[in-house]
Number of protein chains: 2
Amino acid sequence: MAVHVLTVLAYKDGDRVTSAFLADSVNTNPVIIRRLLLALQRAKLVETGKGAGSGSRLSRSAARINLAEIYRAVEDCEPFAKPTRKPNAACPVGQCMRDELEKIFTSAQQALERDLAKTTLAGLIEAVKASACYQRAKK
Amino acid sequence: MAVHVLTVLAYKDGDRVTSAFLADSVNTNPVIIRRLLLALQRAKLVETGKGAGSGSRLSRSAARINLAEIYRAVEDCEPFAKPTRKPNAACPVGQCMRDELEKIFTSAQQALERDLAKTTLAGLIEAVKASACYQRAKK
DNA sequence: CTGAAAAGTAACTTCACGTGTTACATTTGT
DNA sequence: ACAAATGTAACACGTGAAGTTACTTTTCAG
């Protein structure tokens, strides 16, 4: 969904877009968009101005933004289950294994991000334009 | 947590273990273990017998089971957000982009699984035994 | 300088989901 | 036949994301 928003921003290249417009475009609420934009600002992917006639825009060209950056900006942590705290004092091995698993998971996570980094925002848009689905909708 | 259960099964190599025992070992409920075992059975990772004196065991040696298989067996689908159905009919590009994103995500997912596949269950257990944490707890 | 348009933000509701729990049917070995 | 186990259904609970409302703050334009 973050990708959807950034795609719209890429379309309006350089222009400032209000969160209300984005919200309408993604069919959701302006506040949610703003919460999302906050994360993207922290990641230096967008710039947002306040006040009337302002809005947000990409802080770099779409060709210089890859999906791994977006992923990192939005998904704060690992996609793995952190169980509802089973202290599990009984088994001494339990904690050790969690430590080892964490290592393995971060490695896997990095592999995932390396793959995502192969695709830039601009590349995604190109792929969409070239897709059969898009061609069909155009006519 | 699936890993935790399988680790216990690997310890009791070949022996049948009841879900009650596993539940106690992971500090949870037998039913949850059984639900987990159902998924692992479907993935042909464990064999479970019914009736008295029965239980579950690994269907292969721990050295022949890698974490990617466990991941696939347990996490049925992608770790990516499937929004609460925003039909989003307004934007014709929306659907196209979801299709393209799906391609990219499955690619990233495969990269993740390739990395997980590098570690076998037996390898994980070895790593835990060698870890500083485990050595500390032993004394 | 005033007003409107925007973001920032807090508090609340809603909803989906994983986890847990109880209860019961079913299977199977002794 | 009985006891021990799994399979399974139905429900309660807690958590976290998404959504909603309302208010404050900033900034441009006249």
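**Loop residues, chain interface and DNA contacts**

B:Asn27 is found in the loop between helix 2 and helix 3 (30-42) of chain B. The model is predicted. In this model B:Asn27 has a positive phi of about 65 degrees, although the residue is not a glycine. B:Asn27 is partly exposed, and its relative accessible area is 38%. A second residue of chain B, B:Lys44, also has a positive phi without being glycine; the value is near 60 degrees. B:Lys44 belongs to the loop between helix 3 and strand 1 (46-48) of chain B. B:Lys44 is exposed, with a relative accessible area of 61%.

The two protein chains meet at an interface in which 39 residues of chain B are in contact with 38 residues of chain A. Together the chains bury about 3,400 Å². Carbon and sulfur atoms account for 75% of that area. B:Cys96, B:Met97 and B:Ile104 supply 15% of the area that chain B buries against chain A, and no other three residues supply more. Salt bridges between chain B and chain A number zero. Polar contacts link four residue pairs across the two chains, counting pairs with both residues at pLDDT 80 or more.

Several helices of chain B build the side that touches chain A. Helix 1 (2-11), helix 2 (19-26), helix 4 (67-74), helix 5 (92-116), helix 6 (121-130) and helix 7 (132-138) each supply at least two residues. Helix 5 gives the largest share, 17 residues. By residue type, this side of chain B divides into 25 nonpolar, 10 polar and four charged residues.

DNA strand D has 23 protein residues around it. A:Val31, A:Arg35, B:Ser19, B:Arg34 and B:Lys86 come nearest. Of the atoms of DNA strand D that come within 4 Å of the protein, 62% belong to sugar and phosphate. The surface near the strand divides into six nonpolar, 11 polar and six charged residues. Helix 3 (30-42) of chain A and helix 3 of chain B each supply at least two residues of this surface. The largest share, five residues, comes from helix 3 of chain B.

Individual atom pairs involve both backbone and bases of the DNA. A polar side-chain atom of A:Thr28 lies 3.1 Å from a phosphate oxygen of DNA strand D. On chain B, a polar side-chain atom of B:Arg35 is 3.5 Å from a base nitrogen of the strand. B:Ala52 places a backbone N or O atom 3.4 Å from a base nitrogen of DNA strand D.

Terms used
Residues numbered from 1 in each chain as written. Chains lettered and ligands numbered in written order. Predicted model: local features only at pLDDT ≥ 70, side-chain atom pairs only at ≥ 80, totals over all residues. Heavy atoms only, no water. Contact = heavy atoms within 4.5 Å. Buried area = accessible area lost by both parts, 1.4 Å probe. Salt bridge = Lys/Arg side-chain N within 4 Å of Asp/Glu carboxyl O. Polar contact = N/O pair within 3.5 Å; in protein donor to acceptor, adjacent residues only side chain to side chain. Helix = DSSP H or I, 4+ residues; strand = E, 2+ residues; numbered from the N terminus. Nonpolar A, V, L, I, M, F, W, Y, C, P; charged D, E, K, R; others polar. Buried < 20%, exposed > 50% of the residue type's maximum accessible area, 1.4 Å probe, protein only. Near = heavy atom within 4 Å.
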